[in-house]
Amino acid sequence: MAEGYDPTRFRSTIDEGFICCICLGVLKNPMQCENNEHYFCSCCIKKHLEKTSQSCPVCQDKLTVETLRKAPRIVADCVSRYKINCDHKERGCDAVLELGALKKHVENCEFAPVSCSNKGCNDVVNKRDVKRHELELCRFKAATCVVCGKKMPRHEYDAHGCVLRRDLNEMKKDLADTRATQHELVNGMRHVTAALKNLEKSYRKVGDVLNTRNIDIVVIGGMGPESKSLSSVERFNLFNQTWTPLGELEIGRCLSAAVLYENQIFVCGGCTGDDSKYATDTIEVLDLKENTPYWKTFAANMPIKVAGHKCVVYGNSLLIFGGCTDDETNLDMIYELLLVPPYSSKLLGHMKKKRAGHGVELFDNKVLIAGGVGKGTESSVEIFDITRNKCIEMPPLPSPVSSMATVRRGDSMLLIGGSDKEDNDSKEIIEYDHKTGQSKVVLTMEKEQILCCAVCHENTLFVFGTTRDDNKAVYCFNFLSNSWSKLPATTETRISASVVIVEKKNLADF
């Protein structure tokens, strides 16, 4: 990670003279070489001199830690006047202040992460919310039984013997009172139940209409019936239940990764060519704010040509996980690519397994990575802590799976379809809790799905082909009604497509 300040955090363009030549960040505790006034972060140049070379990395003059000099005061003064966002912007702080005042602000910032002090609780909340969390919301808050005086966490209180006996006695009394007028209540409840069911159906219909009016699902590329990478893109309007084309990619792609960033769709890497085997490092972008959007080549490429990888957006960065190269080598690398100038990229670290066709979902500052193709990966799960730049092994999946779709729902990743070690297709949907590591099969689809794609909106899961006999099928599952239904099929046959869900609120009607 850079030792200097990230230039994208500043509200104005930074003079190039105030950029560290080593980490490319804005100078932190600036130092200069002995002869030519080349500026560096204090920590960066000391590490360089201790571990790399005892010379200035710019002019190559001899330089040691002892001969380093502090930069002139005017340099530090100029840098300290630049306006910068708070370290805790991603947690909600909107403060913009001079760099010189940043340290004092951060020390007292109400949005700083604080761990709950209640025993057994691992939640991290904003500093301003910690007292309310600990005293009112935390399920591990201490509670005392008014009958026996035993102390316990609040989440255990309802299952405590004294409480259960009290509730049982109250239930017996209520039951006795109810039996006295049972006949009248039964007749009345029949009418009430019928009315509630009708009301519930009406409410769901109205809710579904309101929730889908401004929602489009965009399905991108994929592989066609002749093993050709597709450049076509189509969108599905949930309100009208119709498919329409949405421009064409500059090159056909399958096994690519698609993400949303700043009202733009990014399609990254994937396989190209008629036989869909040549990986690319290019990125194409569709700006949804334009009245007539079309796909454009992004200003920078990914650091490696890859397909079957996964991507997430974190802040202003695209994080790229694993994938497969042209020579069918699976990768364990995790790269970062800045989506804003200077569009630089770097290797963040390595996963514990080499993976392709795996699942990746972002949960705050952590990325859950599960399954995939590779030696020993089909059941393995790990979590990448972005703040610590470290992968941690998690409990395995209940069964091996690769080439599946994944979505985030609450605190869990849903793994949809895919295949096992013996290449048997699956119709199961596995739920994996990223906090506890607990997993189970929660749903069974009507047909096996392999190399499909999926999105989740509100209480509905959408799954887009692929089955052995139908690569255009679209299914959705409503978690409220606990039921599957089939939607209009895609216009084209698509295998290994990518998909994003777009809310058209405040966007051009693209």
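This report describes selected strands, loops, a helix, cavities and cysteines of a predicted model.

## Strands E28, E29 and E30

Strand E28, which covers residues 412-416, is joined by five bridges to strand E29, which covers residues 426-433, and the two run antiparallel. Within this pairing, Met413 stands opposite Tyr432 of E29. The loop between E28 and E29 contains Asp423, a residue other than glycine whose phi is nevertheless positive, near 65°. As a general background to that value, most residues other than glycine have a negative phi.

Strand E29 also pairs with strand E30, residues 439-449, through six bridges, and here too the strands run antiparallel. In this second pairing Glu428 is found opposite Thr444 of E30. The two strands form a hairpin with five residues between them, and Gly437, which sits in the turn, has a positive phi of about 80°.

## An open sheet of four strands

Elsewhere in the model, four strands make an open sheet in the order E13-E14-E17-E18, and their pairing is antiparallel. Strand E13 (257-261) and strand E18 (296-297) stand at the edges with a single partner strand each, so one side of each has no neighbour in the sheet. In general, strands of a sheet pair through backbone hydrogen bonds, in either a parallel or an antiparallel way.

At one end of this order, strand E17, residues 283-287, pairs with E18 in the antiparallel sense over two bridges. Val285 has Lys296 in E18 as its bridge partner.

## Loops around strand E21

Two loops that involve strand E21 hold backbone features that a reader may wish to locate in the structure. The loop between strand E20 (317-321) and E21 contains Glu328, which has a positive phi of about 65° although it is not a glycine. Glu328 counts as exposed, because its relative accessibility is 68% and the cut-off for that class is over 50%.

The loop between strand E21 (331-338) and strand E22 (345-355) is the place of Pro342. The peptide bond that leads from Pro341 to Pro342 is cis, with an omega near 10°, whereas in general most peptide bonds are trans.

## Helix H1 and the loop after helix H7

In helix H1, which spans residues 42-51, the buried residues are Ser42, Cys44, Ile45, His48 and Leu49. Their cover includes strand E1 (30-32) and strand E2 (39-41). As a general point about such spacing, an α-helix has 3.6 residues a turn, so residues three or four places apart point the same way.

Further along the chain, Asn214 lies in the loop between helix H7 (182-212) and strand E10 (215-220). At 40% relative accessibility, Asn214 counts as partly exposed. Asn214 and Phe239 are separated by 25 residues in sequence, while their C-alpha atoms are 7.6 Å apart in space.

## Two cavities

The structure holds two cavities of 30 Å³ or more. The largest cavity contains about 60 Å³ of space and is lined by 14 residues, of which Phe464, Gly465, Asn471, Arg494 and Ala497 lie nearest its centre. By class, the lining of this largest cavity is made of seven nonpolar, five polar and two charged residues.

The second largest cavity contains about 40 Å³ of space, and its lining consists of Met445, Glu446, Lys447, Gln449, Tyr475 and Trp484. Four of these residues come from E30, which gives the largest share of the lining. The lining of the second largest cavity divides into three nonpolar residues, one polar residue and two charged residues.

## Cysteines without disulfides

A search of the whole structure finds zero disulfides, and two cysteines may serve to illustrate this result. The sulfur of Cys254 has its closest cysteine sulfur in Cys271, at 4.8 Å, which is too far for a bond, because a disulfide requires sulfur atoms within 2.5 Å. Cys254 is buried, with a relative accessible area of 2%.

For Cys452, the closest cysteine sulfur belongs to Cys453, and the distance of 6.9 Å between the sulfurs is likewise too far for a bond. Cys452 is also buried, with a relative accessible area of 7%.

Note on methods:
Residues are numbered from 1 along each chain as its sequence is written. This is a predicted model: local features need pLDDT of at least 70, side-chain atom pairs count only at pLDDT 80 or more; totals for chains, interfaces and linings use all residues. Side-chain values use heavy atoms; hydrogens and water are left out. Two strands pair if DSSP finds at least two bridges between them. Buried means under 20% relative accessible area, exposed over 50%, partly exposed in between (1.4 Å probe, protein chains only). Contact means heavy atoms within 4.5 Å. On a 1 Å grid over the protein atoms alone, a cavity is a set of points where a 1.4 Å probe fits but cannot get out, and a pocket is an open set with protein on both sides within 12 Å along at least five of seven lines; lining residues have an atom within 4 Å of a point. Grid points are joined across faces, edges and corners, and a volume is the space filled by probe spheres set on the points. Ala, Val, Leu, Ile, Met, Phe, Trp, Tyr, Cys and Pro count as nonpolar, Asp, Glu, Lys and Arg as charged, and the others, Gly among them, as polar.
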